[in-house]
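Please find below some notes for a colleague who will be reading this structure at the bench. They are set out as numbered points, to be read beside the sequence and the model.

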Amino acid sequence: MRTAIVTGASSGIGEATARKLVETGYNVMLAARRKDRLETIVEELGEQAAFHATDVSSRDDQDALAAATIKRFGQIDALICNAGIMPVSLIEKGDVEDWDRMIDVNLRGVLYGINAVLPQMVERKDGHIIIISSIAALQTFPSSAVYSATKSGVRSMSDTLRKEMTAHGVRVTTIFPGGVKTELGTSIKDQSVLEMMGGAFNFEFLEPENLADSVAYVLGQPPSVCVGELMIRPTGQP
Ligand SMILES: NC(=O)c1ccc[n+]([C@@H]2O[C@H](COP(=O)([O-])OP(=O)(O)OC[C@H]3O[C@@H](n4cnc5c(N)ncnc54)[C@H](OP(=O)(O)O)[C@@H]3O)[C@@H](O)[C@H]2O)c1
């Protein structure tokens, strides 16, 4: 049986992806910081699922996550780098701590995750790394500067890694979601940004399950097929 690690699995896209992958026959290690939520989801999912409390911005936590996954399930076939935060604000507001947190989680968190799983994938000449970027990597909007920078940063990392891994049989995919109904926006504090976004994003968002389906599609391809990039947005999103 194949095994996947899903980071940011305590809510939203990550939770839906963990559920979908268990349904499609994967063993899944769920990772995030909110242990209580992970515990409840894993209890529901049964034997095929386990969790490891993880802060993706900690290299030690990510190394421990990989080790715990191998101990429990034997190997790591897929890593879904999904954990992310989006406390966007106008640059003039100078919310430097939020900038640092976004860089730590969205950018460093992805790199640390890759670093923790890659050696055993290269050794086995098998594996798949999926990185959840965002349409904000390609289309910026006022207040998205740092978030967009992290999401276009992971796109560059992902595409470079894909090229480096062609000789090693490891596939790498970037997924760019448009608007999805999750908790992501709850960290936005700036009222003017919330009002601006309310006006600009006045279309029906996707369900997290729509993104989980796209992850399952990418993982379901035969070994000779690498889906490099996939953009999934609501039909109504301009
Ligand atoms: N929703 C959208 O419209 C949308 C659009 C494009 C891209 N995305 C991307 O999709 C991904 C998932 O977000 P979502 O929309 O599903 O939002 P969400 O419901 O807020 O989920 C975010 C997940 O990331 C985890 N997380 C945050 N900081 C973490 C940390 N330091 N260490 C470990 N886990 C951490 C959270 O868990 P804990 O708090 O328990 O740690 C949570 O499970 C993000 O990368 C986001 O940028 C979302």
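The points below deal with the basis of the model, the ligand, the charged pairs, the cysteines and the backbone.

1. Basis of the notes. The model is a predicted one, in which local features need pLDDT of at least 70 and side-chain atom pairs count only at pLDDT 80 or more, while totals for chains, interfaces and linings use all residues. Residues are numbered from 1 along each chain as its sequence is written, and side-chain values use heavy atoms, with hydrogens and water left out.

2. Residues around the ligand. There are 29 residues around the ligand, and those that come nearest are Arg-33, Asn-82, Tyr-147, Val-180 and Thr-182; a residue is taken as near if one of its heavy atoms lies within 4 Å of the molecule. By residue class, this shell divides into twelve nonpolar, twelve polar and five charged, where Ala, Val, Leu, Ile, Met, Phe, Trp, Tyr, Cys and Pro count as nonpolar, Asp, Glu, Lys and Arg as charged, and the others, Gly among them, as polar.

3. Polar contacts to the ligand. A polar contact here is a pair of N or O atoms within 3.5 Å. Thr-182 places a polar side-chain atom 2.6 Å from an oxygen atom of the ligand, whereas Gly-8 approaches a ligand oxygen through a backbone N or O atom, at 3.0 Å. Glu-183 likewise has a backbone N or O atom 3.4 Å from an oxygen atom of the ligand. On its own the ligand has 880 Å² of accessible area, of which the protein covers 94%, the areas coming from the Shrake-Rupley method with a 1.4 Å probe. The elements that give two or more residues to the shell around the ligand are α1 and α5; helices are DSSP runs (H or I) of at least four residues and strands (E) runs of at least two, numbered from the N terminus.

4. A salt bridge between distant parts of the chain. The count comes to 18 salt bridges, each being a side-chain nitrogen of Lys or Arg within 4 Å of a carboxyl oxygen of Asp or Glu. In general, side chains of opposite charge can pair when their charged atoms come close. Asp-213 and Lys-20 meet in one of these bridges, at 3.4 Å from N to O, and the pair links helix α7 (residues 208–219), which holds Asp-213, with helix α1 (residues 12–23), which holds Lys-20, although the two residues are 193 apart along the chain. Asp-213 is partly exposed, with a relative accessible area of 38%; buried means under 20%, exposed over 50%, and partly exposed in between (1.4 Å probe, protein chains only).

5. Salt bridges within helix α5. Which residues form salt bridges with Asp-159? The side chain of Asp-159 meets that of Arg-162 at 3.1 Å, N to O, and it also pairs with Lys-163, where the closest N and O atoms are 3.3 Å apart. Arg-162 is three residues from Asp-159 in helix α5, and so about one helical turn away; Lys-163, four residues from Asp-159, is also separated from it by about one helical turn. Asp-159 is partly exposed at 26%, as is Arg-162 at 24%, whereas Lys-163 counts as exposed at 52%. Elsewhere, salt bridges that share partners join Arg-2, Asp-77, Arg-124 and Asp-126 into one network.

6. Cysteines. The count of disulfides, defined as pairs of cysteine sulfur atoms within 2.5 Å, comes to zero. The sulfur of Cys-81 is 14 Å from the closest cysteine sulfur, which belongs to Cys-226, and this is too far for a bond. Cys-81 is buried, with a relative accessible area of 5%, while Cys-226 is partly exposed at 36%.

7. Backbone angles worth checking. Most residues other than glycine have a negative phi. Lys-125, although not a glycine, has a positive phi of about 50 degrees, and its place is in the loop between α4 (96–124) and β5 (127–132). Ser-143, also not a glycine, has a positive phi of about 100 degrees; Ser-143 is found in the loop between β5 and α5 (145–165), where it is buried, with a relative accessible area of 7%.

8. A further loop position. Gly-84 lies in the loop between β4 (78–81) and α4, and at 30% relative accessibility it counts as partly exposed. Its C-alpha atom is separated by 22 Å from that of Phe-203, a residue 119 positions away along the chain.

Note on methods: A polar contact is a pair of N or O atoms within 3.5 Å; within protein, one must be able to donate a hydrogen and the other to accept it, and residues adjacent in sequence count only if both atoms are side-chain atoms.
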